[in-house]
Amino acid sequence: MSTQRTVLLVGGSGRTGGRVMQQLLDRGIGVRAIVRSRARLPPGAADRPGLTVVEASLLSLTDEELQRHLRGCQAVISCLGHVLSFAGVFGAPRDLVTRATTRLCRAIEALQPPAPVWLILMGSVSVNRPGGLDARRGALERALLWLLRGVLPPARDNQRAADFLLQRIGPGHAFVQWVVVRPDSLLEGEVSAYTLHEGLVNSLSAPGSTSMANVAHLMCELATSPEAWAAWKGKLPVVVNAPAKTA
Ligand SMILES: NC(=O)c1ccc[n+]([C@@H]2O[C@H](COP(=O)([O-])OP(=O)(O)OC[C@H]3O[C@@H](n4cnc5c(N)ncnc54)[C@H](OP(=O)(O)O)[C@@H]3O)[C@@H](O)[C@H]2O)c1
């Protein structure tokens with residue numbers, strides 16, 4: 001894939017987003033990263049060729065500023081997540097991911113790019129895929145999720161962001177195409193074998209695991225490979241680590 005490809009990355013100072021940044025740069029892809037603090041970039045990343053850093057609070061950017069940062073980007077990757085502290089989980093903005101996703105899509109629409117921009121959103125296995133396309137969750141799990149979404153703003157936020165893409169952007173938008181990546185419990189570790197699934201493979205009570213490096217690898221594949229994009233656009237792939245091979 002051409003080295004002239006540029007990806008706009010939001011959440012690049014986070015655990016998964018930092019890995020996305022490093023892996024995109026390793027592939028020779030240009031990265032434009034909007035981060036609240038340059039100091040929280042992954043070690044050594046700030047001076048890497050191919051990286052442009054915009055130090056700003058994403059939701060505080062004006063529409064015009066957001067459009068300027070998006071101009072010339074063929075893909076957008078969002079690894080935004082609520083900071084795991086009381087203020088991060090329960091404080092404003094409770095709709096961080098939904099609002100960021102909506103604003104990014106509206107800014108892309110305003111730019112009317114010649115080819116659809118590929119938007120890749122990090123969700124989680126708590127996000128439902130509508131239309132009965134996921135394996136049906138048990139009654140207990142559905143009750144737990146209902147409670148979680150009621151009590152925990154981040155769980156509700158991730159579902160609403162996915163619903164926005166499913167319902168408001170849909171499959172045939174002229175300017176935005178999207179994939180919502182759904183990892184299971186996040187783990188440290190290097191890139192390893194992983195599998196992709198159209199629907200859920202584990203339950204919340206017996207979760208699987210997904211290395212953040214593998215989530216990053218999948219997001220980079222989606223952002224750079226037309227074949228991967230054709231296979232998964234408009235879908236919500238579940239990504240889990242492949243079981244370790246026994247001798
Ligand atoms: N934990 C799990 O097991 C798990 C499993 C599956 C999916 N997920 C989902 O995966 C996503 C990413 O997870 P992660 O652990 O990689 O994230 P993380 O390390 O917590 O990083 C979150 C990112 O979002 C940014 N951010 C937070 N609040 C912001 C705000 N108000 N304005 C702008 N940027 C803001 C952070 O920026 P700063 O560096 O400036 O704070 C950081 O770059 C989340 O949506 C999470 O729900 C988590």
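How far is an oxygen atom of the ligand from an N or O atom in the side chain of R40? In this predicted model, the separation between an oxygen atom of the ligand and an N or O atom in the R40 side chain is 2.7 Å. The protein around this ligand has 8 helices and 10 strands, and the space that the ligand takes up is the largest pocket.

**Overall form**
- The protein has 247 residues, for which a compact globule would have a radius of gyration near 18 Å, and because the protein has 17 Å, the value agrees with that expectation.
- Measured out along its principal axes, the C-alpha trace of the protein spans about 45 × 45 × 40 Å.

**Residues around the ligand**
- There are 21 residues around the ligand, and those that come nearest are S13, R15, T16, R36 and R40.
- By character, the residues of this shell divide into 8 nonpolar, 9 polar and 4 charged.
- Helix 1, which covers residues 15-26, and strand 7, which covers residues 185-187, each supply at least two residues of the shell around the ligand.

**Contacts and burial**
- The side chain of R36, one of the residues that come nearest to the ligand, has an N or O atom that is 2.8 Å from an oxygen atom of the ligand.
- At L80 the backbone is involved instead, with one of its N or O atoms lying 3.0 Å from an oxygen atom of the ligand.
- The ligand taken alone exposes 930 Å², and of that area the protein buries 82%.

Key: Residues are numbered from 1 along each chain as its sequence is written. This is a predicted model: local features need pLDDT of at least 70, side-chain atom pairs count only at pLDDT 80 or more; totals for chains, interfaces and linings use all residues. Side-chain values use heavy atoms; hydrogens and water are left out. A residue is near a molecule or strand if one of its heavy atoms lies within 4 Å of it. A polar contact is a pair of N or O atoms within 3.5 Å; within protein, one must be able to donate a hydrogen and the other to accept it, and residues adjacent in sequence count only if both atoms are side-chain atoms. Accessible areas come from the Shrake-Rupley method with a 1.4 Å probe; for residues, only the protein chains shown count as cover. On a 1 Å grid over the protein atoms alone, a cavity is a set of points where a 1.4 Å probe fits but cannot get out, and a pocket is an open set with protein on both sides within 12 Å along at least five of seven lines; lining residues have an atom within 4 Å of a point. A molecule sits in a cavity or pocket if more than half of its atoms lie within 2 Å of its grid points. Helices (H or I, at least four residues) and strands (E, at least two) are DSSP runs, numbered from the N terminus. Ala, Val, Leu, Ile, Met, Phe, Trp, Tyr, Cys and Pro count as nonpolar, Asp, Glu, Lys and Arg as charged, and the others, Gly among them, as polar. The radius of gyration is taken over C-alpha atoms; the globule rule is 2.2 Å times the number of residues to the power 0.38.
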